[in-house]
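Colleague: Before we discuss the ligand shells and the core, could you put the model in front of us?

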Amino acid sequence: MAINRRDFLKFSAGTGLMLTAGATPGRAATVPQLPKDAVGILYDSTLCIGCKSCMVNCKLANSEPGGALYHKETAGKVPYEFPKGDKIYDAPERLSDKTLCVIKAYKGDEKTAGGDKGGPAFSFIKQHCLHCIEPACVAVCPVAALQKNPETGIVTYNKNKCFGCRYCQVACPFGIPMYEFEKSSPSVVKCQLCNHRYAQGKYSACCEACPTGASIFGKVTDLREEAKRRLALKAGDTYAYPVKRVDGAERTEQVVASYVDHVYGLDEAGGTQYLFLAGVKFDKLGFNPKITNQVYPDFTWDYVSHVPALIGTLLVVGTATRMVTQKLDKKKNDAGKGDAS
Ligand code: SF4
Ligand code: SF4
Ligand code: SF4
């Protein structure tokens, strides 16, 4: 990886010096290495019916102990996002500190939308962390609160290490990490590929709940093969699509749609463990066309090395925020203890 935590700390410590000197760190370009047992998700938007079962199961599964939305102080409560005055329907429209996964809908102009062969003018798209092979969020975290598992490649977050600088938010090219601004002791929130469920023999809750096979879980090498196999199919033929897991027995026979001839995530940002297929061009589905195949820690470093004041400011603000909120928390706890006695 082009920059690691030690480089970052060295850089942060020397920010003033480098500012004065106008120096930038030297580095070699990164060659992304997929971990041997990397797991991920293949999302095929041509199979997605927009039922949002994935979103529901994601929120439920991650509100359990160990989940990315679990908090001791709100244990047993699911962080729903009800529309104003309506307490019956969780309806998040975008990622937030309460929502790790969101289904969005695209509706385009019939004449101009579509895939390479003028595909549908309508599509769903599922957004959550892509578990980059070379994650920019991990590279810039000064305290290793974000880490990439060397075997599974899952990018996890440890709230006990995080001091709230939110530099990961700035660095992520996909705008994934969210922050709990409303909490007195805030954390960064993002999909951790349901890491907490593997010890129980389970896998990603979004894939487990997907009825159509639009979201499937598995080894990244298998998912890549499956994606390429689908691109080789002829539109109009039938194919037995795997459901829930790429290596599972459950299949569903479907008529093959017209695909855009591209697997998003094979190369973008150096490659990701969350892969996408679609019948509508990816830029129309909200993917930023400025994201290239460049490894983003390299890119981010190029960027931040020219604005070192940003790092310094975030570190200072983050540390101060964390200290103040922890003090408030301690006061609250102390007051609580006093009440109870
Ligand atoms: S998508 Fe963003 S948050 Fe997820 S691993 Fe990549 S850089 Fe990190
Ligand atoms: S892998 Fe788990 S945390 Fe990530 S979007 Fe799917 S259900 Fe949510
Ligand atoms: S559960 Fe599957 S079909 Fe339903 S919205 Fe999610 S990805 Fe699409």
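Modeller: One convention comes before the shell around ligand 1: Ala, Val, Leu, Ile, Met, Phe, Trp, Tyr, Cys and Pro count as nonpolar, Asp, Glu, Lys and Arg as charged, and the others, Gly among them, as polar. Please also keep in mind that this is a predicted model.

Colleague: How many residues of the shell around ligand 1 are nonpolar?

Modeller: The shell around ligand 1 holds 13 residues, and Cys-129, Cys-132, Pro-135, Cys-137 and Cys-172 are the closest. Cys and Pro both count as nonpolar, so these five names belong to that class. Next to 1 polar and 1 charged residue, the count of nonpolar residues in this shell is 11.

Colleague: Which element gives the largest share of the shell around ligand 2?

Modeller: Among the 13 residues around ligand 2, those that come nearest are Cys-58, Cys-101, Cys-191, Cys-194 and Cys-206. Two helices, H3 and H6 (205-209), each supply at least two residues of this shell. The largest share, 3 residues, comes from H3.

Colleague: How many charged residues are in the shell around ligand 3?

Modeller: Ligand 3 is surrounded by 15 residues, with Cys-48, Cys-51, Cys-54, Cys-210 and Ala-214 the closest. Helix H3 (53-62) and strand E3 (122-127) are the elements giving two or more residues to that shell. Its residues divide into 9 nonpolar and 4 polar, while the charged ones number 2.

Colleague: Which helix gives the largest share of the largest nonpolar core?

Modeller: That core has 77 residues, and Cys-137 and Cys-168 have the most contacts inside it. The largest share, 5 residues, comes from the helix spanning residues 136-140, namely H4.

Terms used
Residues numbered from 1 in each chain as written. Chains lettered and ligands numbered in written order. Predicted model: local features only at pLDDT ≥ 70, side-chain atom pairs only at ≥ 80, totals over all residues. Near = placed C-beta within 6 Å. Helix = DSSP H or I, 4+ residues; strand = E, 2+ residues; numbered from the N terminus. Core = buried A, V, L, I, M, F, W, Y, C linked by C-beta atoms within 7 Å. Buried ≥ 20, exposed ≤ 12 C-beta atoms within 10 Å, placed from the backbone.
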